[in-house]
Amino acid sequence: MYDLADLSPLLSTIGRGDEAAFRTLYDQTRSQVFNTALSYVRQREDAEEITQDVYIEVFRSAGAFRGEASATTWLYQITVRKSLDWLRHQKRQKRFAFLTNLFDTNTGAILHYPADFGHPGIVLEQQENAAILFAAVNHLPDKQKTAYILARVEGLNNIETAEVMSISVGAVESLLTRATENLKKRLAMQYKTLNHP
Amino acid sequence: MEPSQDTWINAILASTDGLQRAEPSPFLCAKIWNRLSSRQADLPVSGRTVWLAATALIVLIVLNWTVALQHPATTRTDTASLQTVVSDMNLYPATHQLYAK
């Protein structure tokens with residue numbers, strides 16, 4: 001799955017606190033974890049924070065990994081959960097920001113993220129279009145968003161996506177259809193706004 | 001849907017085709033390991049010990065509470081007998097002034 005060797009033996013070694021095994025797992029999977037998180041939060045620094053949280057949880061709970069799902073599925077599940085938690089936290093922070101102020105009290109940085117996001121893995125000429133797409137994906141309901149990111153951005157097939165989301169393949173197909181419809185609707189509105197302001 | 005709108009939407013949806021994987025900072029693994037090490041250092045006692053201490057404290061509180069509920073009369077009796085002694089021996093102060101002549 002996902003061109004990765006079976007990582008289960010590594011997890012049992014990590015469960016015993018082995019740093020070398022942890023680094024091997026990190027090297028083999030960091031790209032998947034980081035890119036998935038990046039698709040959700042659209043900020044490099046935040047995606048790195050989530051990646052840190054994911055690997056800390058992996059290290060802590062590696063010993064409890066029973067192998068019901070594959071190790072990579074488990075890793076994706078943790079990443080998706082952490083990313084969605086991060087987005088919820090951001091949403092709460094945004095609401096609170098209206099009551100307090102719009103800037104971070106420590107750094108003075110604006111708390112509201114800009115809509116334009118340049119994914120570092122996208123070629124320059126597609127950056128603008130990708131920024132529009134990721135902004136639209138951000139408005140999808142959580143399940144549609146997860147299905148879309150895993151299948152359309154991360155490139156997992158529907159079976160793999162279903163395993164990560166713990167739902168049926170049919171449910172994934174349905175979520176992807178609805179996600180694409182919703183994206184088209186939102187983009188159509190945006191097109192009209194852009195061309196007939 | 002207008003043809004140009006359709007084309008634009010399809011171009012947006014296809015913008016992630018051929019996406020290259022982005023890499024996190026090269027120092028991220030060291031950061032993670034540092035966080036793990038510092039958190040382990042923050043916990044000099046095991047979780048089991050913490051739970052044992054918490055349980056012992058709860059048991060102690062419950063026992064004290066139970067004992068206090070079972071023997072409230074003793075305190076009242078002691079207070080009553082003390083008052084009897086005070087009244088029998090006229091131990092009330094004649095005046096509130098200390099060292100009165």
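## A tour of chains A and B

Start with Ser166(A), which sits in the loop between helix 7 (158–165) and helix 8 (169–195) of chain A. Before you go on, keep in mind that this is a predicted model.

Check the backbone torsions at this stop: Ser166(A) is not a glycine, yet its phi is positive, at about 55°. That value turns up just after helix 7 of chain A. Is Ser166(A) buried or exposed? Exposed, because 10 other C-beta atoms lie within 10 Å, and the cut-off for exposed is 12 or fewer.

Now step back and select helix 7 of chain A itself. This helix is mostly covered, with six of its eight residues counted as buried. To colour them, pick Glu160(A), Thr161(A), Ala162(A), Glu163(A), Val164(A) and Met165(A).

Next, jump to Arg42(A), another positive-phi residue that is not a glycine; here phi is near 60°. You'll find Arg42(A) in the loop between helix 2 (19–41) and helix 3 (44–61) of chain A. What about its surroundings? Arg42(A) is buried, since 22 other C-beta atoms fall within 10 Å and 20 or more is what that label takes.

Stay here and show the two helices on either side of that loop. How do the axes of helix 2 and helix 3 of chain A cross? They come within 8 Å and cross at roughly 135°. The pair is therefore oblique, and the crossing is right-handed.

For the contact between them, make two selections:

- From helix 2 of chain A: Phe22(A), Tyr26(A), Arg30(A), Val33(A), Phe34(A), Ala37(A), Leu38(A) and Val41(A).
- From helix 3 of chain A: Arg44(A), Asp46(A), Ala47(A), Ile50(A), Thr51(A), Val54(A), Tyr55(A) and Phe59(A).

Colour the contact of helix 2 with helix 3 of chain A by class and you get 12 nonpolar residues, one polar and three charged.

Zoom in on Ala37(A) now. Ignoring its neighbours within four places in sequence, Ala37(A) is in contact with Ala47(A), Ile50(A), Thr51(A), Thr79(A) and Ser83(A).

Ala37(A) also leads to the next stop, the largest nonpolar core, which has 53 residues. Which members touch the most others? Select Ile14(A), Leu25(A), Ala37(A), Leu133(A), Val137(A), Ala147(A) and Tyr148(A). Helix 2 of chain A gives the most to this core, with 10 residues.

Time to switch to chain B. Its secondary structure is four helices and zero strands, so to speak a plain α-α-α-α when read along the sequence. Chain B has 101 residues, and buried ones make up 7% of them.

Finally, bring both chains into view and look at where they meet. How many residues does each chain put into the contact? Chain B supplies 23 and chain A supplies 30. On the chain B side, highlight helix 1 (3–13) and helix 2 (28–42), the elements that give two or more residues to the side touching chain A. Helix 2 of chain B has the largest share of that side, seven residues. Colour the chain B side by class to finish: 14 nonpolar, five polar and four charged residues.

Terms used
Residues numbered from 1 in each chain as written. Chains lettered and ligands numbered in written order. Predicted model: local features only at pLDDT ≥ 70, side-chain atom pairs only at ≥ 80, totals over all residues. Contact = placed C-beta atoms within 7 Å. Nonpolar A, V, L, I, M, F, W, Y, C, P; charged D, E, K, R; others polar. Axes fitted to C-alpha atoms, helices over the stretch in contact; angles between N-to-C directions. Parallel < 35°, antiparallel > 145°, perpendicular 65-115°, else oblique. Left-handed = near helix turned anticlockwise from the far one by under 90°. Core = buried A, V, L, I, M, F, W, Y, C linked by C-beta atoms within 7 Å.
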